[in-house]
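Me: I have a two-chain model open and would like to talk it through with you. Could you take my questions one by one?

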Amino acid sequence: MHIKEEFAERHVLTLTVDNEAGTLARIAGMFTARGYNIDSLTVADISEDHAISRITIVTKGPPQVIDQIIAQCERLVPVHKVTDLTDAGPHVERELALVKVSGAGDKRVEAMRLADIYRARVIDATVSSFIFEITGGPDKIDTFVALMRELGLVEVGRTGIVGLMRGSEAS
Amino acid sequence: MAEKSGADILIEALLAQGVDTVFGYPGGAVLPIYDALFQHPKIRHVLVRHEAGAAHAAEGYARSTGKPGVVLVTSGPGATNAVTGIADAFMDSIPMICLTGQVATNLIGSDAFQEADTIGITRHCTKHNYLVKDPSELGAVVAEAFHIATQGRPGPVVIDIPKNVQVATAEFDRHGVNAAKRYAPAGEADFAAITQAVELLAKAKAPILYTGGGIINSGPDASAALRELAALSGAPVTSTLMGLGSFPASDQQWLGMLGMHGTYEANMAMNQCDVMLCLGARFDDRVTGRLDAFSPGSTKIHIDIDRSSINKTVRVDLPIVADVGKAIRQMITIWNSRKLQPQNLDEWWARIKGWRSVGSLNYPASQSEIMPQYAIERLYELTKDKAPIITTEVGQHQMWAAQHFHFDAPNKWLTSGGLGTMGYGLPAAIGAQMGNPDALVIDIAGEASIQMNIQEMGTASQYRLPVKVFILNNEWMGMVRQWQQLTYESRYSNSYSDSLPDFVALAEAYGWKGIRCDDPAKLDDAIAEMLAYDGPVMFDCRVSKEANCFPMIPSGAAHTEMILHSDEVSGTMDDEAKALV
C-alpha cells in the first residue's frame with residue numbers, strides 16, 4: 001500500500017480577525033492540526049484602533065477541503081469573516097520582494113536593465129551589489145527572481161501575497 | 001469602588017453564572033483560588049484523585065444536567081492531566097469550563113516549576129481558550145467563556161490564570177460585566193431551506209431520520225420535537241451512539257443505533273433510504289462505513305449548528321445551519337400549517353420488518369457462563385423502572401450497553417463517543433451523581449477500562465456517592481482482542497488483562513461493597529443485591545471470555561457488508577483496511 005496524493009487547487013483566503021495575542025497561532029495551528037497546507041500567510045493590523053487584523057492565506061486543496069478550511073476558520077472565535085478571493089471573482093493579489101544580486105560587468109548591467117523592465121527599484125547599491133524592491137503578482141516575482149538567479153542572485157525576501165476584491169465592496 | 005483579588009473576582013464571576021459545583025484538585029498555582037473557595041457557602045468543591053477524573057466528572061455532570069461542568073486544576077501537570085478530558089469534551093460537544101492555574105506572568109516562558117504552555121497545548125482541543133494577564137479582565141473573560149462553552153455547538157473553554165493575577169486586585173462589579181458579543185451562533189433555520197426539507201420528507205417513500213448528539217445538546221425540547229416529527233412523518237428513526245435517548249427505544253419507529261456496531265435494520269435502512277434527514281449528527285467514520293458506498297441513492301438533508309460539520313465527509317444535497325431543536329420545531333409548524341400527509345410507507349416498513357427479522361442483536365445463549373449481552377439485558381430489565389443514568393468506559397462493554405440497554409429519555413446515556421476515552425465512565429458517573437443526587441447511576445465498565453481511572457473510587461467514598469460500577473470482566477481488552485482476531489489472525493498482542501486486582505477486595509478497601517457473580521442463574525439476585533445497597537458498589541461480573549461484539553461493519557466496509565455472527569469472521573484484512581482506524 002502507498003500513500004495517495006490528492007488533486008489540489010490554489011485558493012487565496014482573506015480573514016478579518018481580532019488583533020489579540022494568539023490569534024495567528026490559533027489559525028496557523030488549526031491548519032497544521034487538520035492537515036491543511038499554507039503556501040503563504042501575511043498578517044497586519046488594519047483598523048484605526050488596532051483592534052482588527054487582516055490575514056491573507058494562500059492554501060492548496062481539493063474543493064471540498066477548501067470549503068472545510070473556510071468553515072474551520074469561521075469556527076474560531078476571534079475570526080470575524082473569511083472570504084475566498086479565488087471563488088469570489090475578480091480580485092487583485094500583490095506581493096513585495098527584496099532581491100539581492102551581486103556581480104560585475106555585463107551581468108550587473110543586465111540586472112539593472114531587467115530591473116527596469118520589471119519596474120523593480122534599487123533600494124541599496126554597492127559597487128558589487130544591488131537590492132531590488134519589486135511588487136506584483138507572484139508570477140511576476142517568480143519570473144524576476146528566476147532571471148536574477150542567472151545574474152548573481154544572493155538572497156530573496158518575500159512578504160507573501162495580500163489581496164482584495166476588485167470594485168467598491170469590502171472583501 | 002473597593003478592589004477585590006483576582007481569586008475573589010473569579011468566584012463572584014462563577015457565582016454570577018450560577019455555578020454551584022466545581023471538580024478539581026489543588027496545587028501551588030491555584031492556592032489563592034482554593035483559599036477563596038475555603039468553606040464556601042455556595043460552591044461545592046469535589047476533590048478528585050487525578051485531574052483526568054475532574055475533567056470527566058465535569059463532563060458527566062454536564063451531560064446529565066445540561067449545565068456546563070466546571071473544572072479547577074493547577075498549572076503544569078494539573079493542566080496536562082486534564083487535557084484528555086478537555087479533548088473528550090471537545091469531540092463530544094460537552095459544555096465545560098476548565099480553570100487552570102499558571103505560573104506568575106513574570107515567570108511565563110522561564111521553564112518555572114510546574115510551568116506548561118497550557119494555552120498552546122489546549123488550543124486545538126478547546127472551543128476557545130484564554131490567558132488572563134490582569135484581574136480586571138477576569139469578569140468579562142468568565143462571562144464570555146460560559147457563553148462560548150454553552151451556546152452554539154457546546155464545547156470546552158480553558159481559562160488559564162497566572163498566580164499573580166489571582167492575588168492582584170482590581171475593581172469588579174458583577175452587574176457591570178459586558179459580555180462580549182463577538183460569538184453569535186446560528187439559531188433558526190433559513191425558511192426557504194427548511195420548507196424544502198419538509199417537502200422532501202413529505203414526498204419520501206423511504207425516509208429515515210438519522211439523529212445524533214446535537215438533539216441532546218439542543219435541550220429536552222429538541223427530543224420532544226423529534227418525537228412529534230417522527231409521528232407526523234411516520235419515518236423510522238435511528239441514532240448515533242451520542243444521540244441515544246433522544247428518541248424512545250420503546251417506540252415502534254425506533255430502529256436501534258446505526259454504524260459499526262449498529263443494528264442490521266438501521267444500517268440497511270440508511271443504505272436503502274430515498275431521503276435521509278440528518279439531525280445534529282456529523283457523519284462520523286464509525287457511522288458511515290466506506291464513504292463511497294454510503295447511502296448511494298438518497299437525497300441527504302443535514303441540519304447542524306456547526307457549519308464545519310456540513311460536507312466534511314459526506315456531500316449533502318440540502319445543508320441547513322441551525323439549532324436542530326428550533327429547526328425541527330419549524331418543520332413541525334410548516335408540516336401542520338400545510339396539512340401535509342406522509343406518503344404510503346407500508347412497503348418501506350415491510351422491508352424494514354424483513355431486516356429486523358434477521359435479529360442482528362441475537363447472541364448464543366449459555367446456561368454455564370454469563371454472556372455479556374445477557375448481563376446487560378438483565379441489568380436493563382432490573383433497573384429500567386428507575387430510569388437510571390448509565391455511563392460507560394470504552395470497548396466491547398460500551399457497544400453491548402449501547403445495543404442492549406435501552407433509553408427512553410435524553411441525558412441518561414453518558415459515553416465517550418468521539419475520542420473514545422477508556423477511564424471515562426467512573427468519573428463521569430461521579431459527576432452525574434453529583435448533579436443528580438437521587439438518580440441511580442451505573443457505570444457499565446470493562447475490567448481493563450475501569451483501571452484507567454480507578455483511583456476515583458476514593459472520590460465516591462469521600463462524598464458518599466452511591467454509584468454502581470458494573471464490570472463485564474472477560475479478562476481481555478475485548479475490543480482490541482476482537483480486532484486482532486478479525487484482522488491479525490488471532491495474534492493477541494498485549495490485549496490480555498493480566499494481573500487483575502481482586503475487584504471485590506478492592507471495593508472493600510475503599511469502603512465500597514463488592515459483589516462477584518459468574519453464574520447466570522444467580523445474576524438477577526446479585527444485581528438486586530447491588531441495587532439494594534445504598535452506597536457505592538463494584539460488581540465484578542465474570543462473563544464469557546471470548547464473546548465478540550456483533551453485528552459489526554468491518555473497517556473499510558459498506559453498510560451492506562455487515563458481519564452478523566462470529567462464524568463469518570475472517571482472520572485477516574488487506575492493508576487498505578488495516579490502515580483505517
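Me: How are α3(B) and α17(B) set against each other, parallel or oblique?
Reply: This is a predicted model, and in it the axes of α3(B) and helix α17 (residues 425–435) of chain B come within 6 Å and cross at roughly 45°. The two helices are therefore oblique to each other, since an angle that is neither under 35 degrees, nor over 145, nor within 65 to 115 counts as oblique. The crossing of α3(B) and α17(B) is right-handed.

Me: Which residues of α3(B) and α17(B) meet there?
Reply: From α3(B) the residues are B:Gly53, B:His56, B:Ala57, B:Ala58, B:Glu59, B:Gly60, B:Tyr61, B:Ser64 and B:Thr65, and they meet B:Pro427, B:Ala428, B:Ala429, B:Ile430, B:Gly431, B:Ala432, B:Met434 and B:Gly435 of α17(B). Sorted by class, this contact has nine nonpolar, seven polar and one charged residues.

Me: And α3(B) with α4(B), at what angle do they pack?
Reply: Helix α3 (residues 51–65) of chain B packs on helix α4 (residues 77–91) of chain B at an angle of about 30°, and their axes are 7 Å apart. That makes α3(B) and α4(B) roughly parallel to each other, because angles under 35 degrees count as such. On the α3(B) side the contact is made by B:Glu51, B:Ala52, B:Ala54, B:Ala55, B:His56 and B:Glu59, while α4(B) brings in residues including B:Gly78, B:Asn81, B:Ile86 and B:Asp88. The residues of this contact divide into six nonpolar, five polar and three charged, and the crossing of α3(B) and α4(B) is right-handed.

Me: What sheet does chain B have, and in what strand order?
Reply: Chain B has an open sheet of six strands, in the order β3-β2-β4-β5-β7-β6 and with parallel pairing. The edges are taken by β3 (44–47) and β6 (128–131) of chain B, each with a single partner strand, so one side of each is left without a neighbour in the sheet. From one strand to the next, the twist averages 20°.

Me: Where does α4(B) sit on that sheet?
Reply: Helix α4(B) packs on the sheet and touches β4, β5 (96–102) and β7 (156–162) of chain B, with its direction making about 160° with that of β5(B).

Me: How many bridges join β2 to β4 in chain B?
Reply: Two bridges join strand β2 (residues 21–24) of chain B to strand β4 (residues 69–73) of chain B, and these strands run parallel. B:Gly24 stands opposite B:Leu72 in β4(B).

Me: Switching to chain A, how many helices and strands are there?
Reply: Chain A comes to five helices and nine strands, following the pattern β-α-β-β-α-β-α-β-α-β-β-α-β-β along the sequence. Taken along the principal axes, its C-alpha atoms fill a box of roughly 55 × 55 × 30 Å.

Me: What is the order of the four-strand sheet in chain A?
Reply: That open sheet has the order β2-β3-β1-β4 (chain A), and the pairing is antiparallel. At its edges stand β2 and β4 (79–84) of chain A, each with a single partner strand, so one side of each is left without a neighbour in the sheet. Six bridges join β2(A) to β3(A), and A:Ser40 has A:Val58 in β3(A) as its bridge partner. Helix α2(A) lies across β1 (9–18), β3 and β4 of chain A, running at about 160° to β4(A).

Me: How many residues does each chain put into the contact between A and B?
Reply: The contact takes 15 residues from chain A and 15 residues from chain B. On the chain A side, α1 (23–33) and α2 (63–75) each supply at least two residues, and the largest share, seven residues, comes from α2(A). The residues of that side divide into six nonpolar, five polar and four charged.

Me: Which backbone details should I look at?
Reply: The peptide bond from B:Phe550 to B:Pro551 is cis, with omega near 0°, and B:Pro551 is found in the loop between β20 (537–542) and α22 (575–578) of chain B. A:His50 has a positive phi of about 60° although it is not a glycine, and its place is in the loop between β2 (40–45) and β3 (52–61) of chain A. For background, most residues other than glycine have a negative phi, and most peptide bonds are trans.

Definitions and conventions
Residues are numbered from 1 along each chain as its sequence is written. Chains are lettered from A and ligands numbered from 1 in the order in which they are written. This is a predicted model: local features need pLDDT of at least 70, side-chain atom pairs count only at pLDDT 80 or more; totals for chains, interfaces and linings use all residues. Axes are lines fitted to C-alpha atoms, for helices over the stretch in contact, and angles run from 0 to 180 degrees between N-to-C directions. A crossing is left-handed if the near helix is turned anticlockwise from the far one by less than a right angle, and right-handed if clockwise. Two residues are in contact if their C-beta atoms, placed from the backbone, lie within 7 Å. Ala, Val, Leu, Ile, Met, Phe, Trp, Tyr, Cys and Pro count as nonpolar, Asp, Glu, Lys and Arg as charged, and the others, Gly among them, as polar. Two strands pair if DSSP finds at least two bridges between them.
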